[in-house]
Amino acid sequence: MNILADTSAAAQTSGFAAGDDVAVRFDSVTKRFGEAVALREVSLSVRRGEFMTLLGPSGCGKTTLLNLAAGFFSPDGGDIRIGGERVNDVPTYKREIGMMFQNYALFPHMSLADNIAYGLKVRRVPKKERDRRVEEVLALVRLTGLEGRKPRQLSGGQQQRVALARALVINPTVLLLDEPFSALDKNLRASMQVELREIQRKLKVTTIFVTHDQGEALSLSDRLAVMSEGCIRQLGTPEEIYRRPCDRFVASFVGDANVLRGTLDGLDGAHAVVAVGVARVKVPASPLRGVAASAPVDLFVRPEQLQMVDADEPCATSGTVAAQVYQGGHVDLYIDCAESVRDRLLVRSAGHDAMTRWPIGAQVGISIGDDDAVAFATG
Amino acid sequence: MPRSTYQLGLGFVGKLAVLLILGFLVLPVAVVTIAAFNDRAILSFPPQAWSLRWFAKAIAYQDFRDGFRNGLIVTAWSSTIALLVGAMFAFALDRYRFRFSKLIEAILLSPLVIPHFTVGLGFLILAAQIGWTSGYAVVVFCHVVLVLPFVIRSVYVSLRNLDQSYELAAASLGAPPLRVLLTVTLPLLLPGLVSGWLFAAILSFNEFTASLFVTAQRTQTLPVAMYNYVREYADPSMAALSVMYIVGTAALIIFANAFLGLGKVLNIEHTR
């Protein structure tokens, strides 16, 4: 609890990086589709070589922001800069971007090699160099030997690698990825994610990645921007977002969260103290500014931050074990609890002995680790 | 599970009904085909003796030969012009929202509901005004109007089925719009364009009603020549010609279906 940072201040500082270092900058960008506002004055700077994720539910504007970077349409307000140059009116084909589409959009009438060489041919790269670069990028995505295949003769994972190779071979200023993993099955997805991240690190290519999958966002990003309703709700490293969500939306959308009823005990500098049962939990003060002492607040706690203790020990709250779910590496226990705002509490326990120690129907006490909880005013 | 007598009976009646409907549909074709191989000079049924001489006569008849040649000229021009105009309009319709687009669409598709003789008569009056009645031009333009809806439909459906992300991908790789059109859009649209052209050609080549109004003796197409023939003579060479027509058209369609997949062109697979 001693390294508590003020989340909004952190977001401020990480949101405006030094000018030199910025590859893509959105400056108060607004976009409307008819009456609907897709983006409201969104500002975001993506640093050179950074893997930036736009995370949010469908309709939050993340894909619109990506398409604006690609130049598929232009903003109704604000500026977009790529490599320092204002590109509002620069058409897509002059932007030097590499884009990977959700369905990959490989040209079905061209071979794998022709697909990858397309961007080089357009740039009039001589045949010899073209062949060399295609060969190089094929080795990078481990598809050497399949040059002559048509896209429909490739598996989903191979198609994705071709799409990545096609986007990378032109050495783009920025790589744009539009939910590239959504069409893959779970196992393949995990290995492709690792592969993509490795390649991205190796080439140090600035990347903007759009996803609605919070797991993907947390595991891949250098930084991520959580979006909803056309605004960026929070910008930060995966750890900042997960451990110090700045509002209810981010706290609920990223990761699993339990919500407990508590009361605000008081504010003390960067910290606030929330009372739940007999327990006092230290939380970041910034989301609670302006909330009166002893006002009711909702405490958001991650499942792994809750500990179960014997019912007679002093603890934050108590309940009854309602269900146990064995997950292999850990155990999820669902607890019926009067203090829980939504449904049951979810407690994640690393060892499977929790299953025998806390059988279904057992009365348990719940204590909250003195770290990683956040509270927001009830409402 | 064994099926009951009732179910078996129902199945039998169903199959019989389907057979009867199919038989009814192919009946005229069957009658014409049998008549074509009839040795006798009158259109009688059923024939007493068999022969191929009416095929020989039909092929040798000068009016039919001219009609065939005229038909090919008119068809080539009209379906090509219709393809160019129709493709451009389908593009505009698919890619842009503009005022009166619904009205323009309705006008361009109107030959589907306006009788062919009305179109023919209109062109005849128009051609008479400017003294074009004896040339191919009036026939070609009349056919363009008649086949345009089919071409527009065919290209429009192909465009709707074309995932726009291919074009966006090409643009993101640095291809300017014309290059995208030539290297991505048109190659992917090719089946739609070819089958649109083929539809137009078959319709134009077979068109009779409007052609009767706008053709002159020198420009008459095959169906018009056949009509003029049957007004004076009644021998099975007409039937022989019909069989050749059917076989020719069927061969074209089977070819087109095998190489282009007409099914794809006739359905909108997904909507954007």
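**Exercise 1. Strand β12 of chain A and its partners**

Within chain A, L264(A) stands opposite V274(A), a residue of β12(A). The model is a predicted one. Determine which strands β12(A) is joined to, and which of its side chains are buried.

*Solution.*

Step 1. Begin with β11(A), residues 258–268. This strand is joined to β12(A) by five bridges, and the two run antiparallel. The pair forms a hairpin with two residues between the strands, where G269(A) takes a positive phi near 65°.

Step 2. Continue with β13(A), residues 279–284. Six bridges join β12(A) to β13(A), again in antiparallel fashion. Across this pairing, K282(A) in β13(A) is the bridge partner of V273(A). β12(A) and β13(A) also form a hairpin with two residues between them, and G277(A) in that turn has a positive phi of about 60°.

Step 3. Turn to the side chains. In a regular strand, side chains alternate between the two faces of the sheet. Along β12(A), residues 271–276, A272(A), V274(A) and V276(A) point to one face and are buried. H271(A), V273(A) and A275(A) point to the other face and are not buried.

Step 4. Combine the results. V274(A), which stands opposite L264(A), belongs to the buried face of β12(A). V273(A), the bridge partner of K282(A), belongs to the face that is not buried.

**Exercise 2. An open sheet in chain A**

State the order of the five strands in the open sheet, and explain why one side of β15(A) and of β18(A) is left without a neighbour.

*Solution.*

Step 1. The order is β15-β19-β16-β17-β18 in chain A, with antiparallel pairing.

Step 2. β15 (306–310) and β18 (345–349) of chain A stand at the edges; each has a single partner strand, so one side of each has no neighbour in the sheet.

Step 3. Direction ignored, neighbouring strands of this sheet are turned by 50° against each other on average.

Step 4. Consider the pairing at one edge. β17(A), residues 331–337, is joined to β18(A) by five bridges, and the strands run antiparallel. Here I335(A) stands opposite L345(A) in β18(A).

**Exercise 3. The two domains of chain A**

Describe how domain 1 and domain 2 of chain A are placed and how many residues of each are in contact.

*Solution.*

Step 1. The domain assignment gives domain 1 as 7–96 + 172–248 and domain 2 as 256–377.

Step 2. Their C-alpha centres lie 33 Å apart.

Step 3. Eight residues of domain 1 are in contact with six residues of domain 2 in chain A. The side of domain 1 that touches domain 2 has two nonpolar, two polar and four charged residues.

**Exercise 4. S165(B) and the contact between the chains**

Establish whether S165(B) is buried, exposed or partly exposed, and which residues it is in contact with.

*Solution.*

Step 1. S165(B) lies in helix α7(B), residues 165–172.

Step 2. A residue counts as buried with 20 or more other C-beta atoms within 10 Å, and as exposed with 12 or fewer. S165(B) has 18, so this residue is partly exposed.

Step 3. Leaving aside neighbours within four places in sequence, S165(B) is in contact with F101(A), N103(A) and A105(A).

Step 4. Place this in the contact between the chains, which takes 16 residues from chain B and 17 residues from chain A. α7(B) gives the most to the chain B side, with seven residues. By class, that side has 11 nonpolar, three polar and two charged residues.

Conventions
Residues are numbered from 1 along each chain as its sequence is written. Chains are lettered from A and ligands numbered from 1 in the order in which they are written. This is a predicted model: local features need pLDDT of at least 70, side-chain atom pairs count only at pLDDT 80 or more; totals for chains, interfaces and linings use all residues. Domain bounds come from an automatic or database domain assignment. Two residues are in contact if their C-beta atoms, placed from the backbone, lie within 7 Å. Ala, Val, Leu, Ile, Met, Phe, Trp, Tyr, Cys and Pro count as nonpolar, Asp, Glu, Lys and Arg as charged, and the others, Gly among them, as polar. Two strands pair if DSSP finds at least two bridges between them. Helices (H or I, at least four residues) and strands (E, at least two) are DSSP runs, numbered from the N terminus. Axes are lines fitted to C-alpha atoms, for helices over the stretch in contact, and angles run from 0 to 180 degrees between N-to-C directions.
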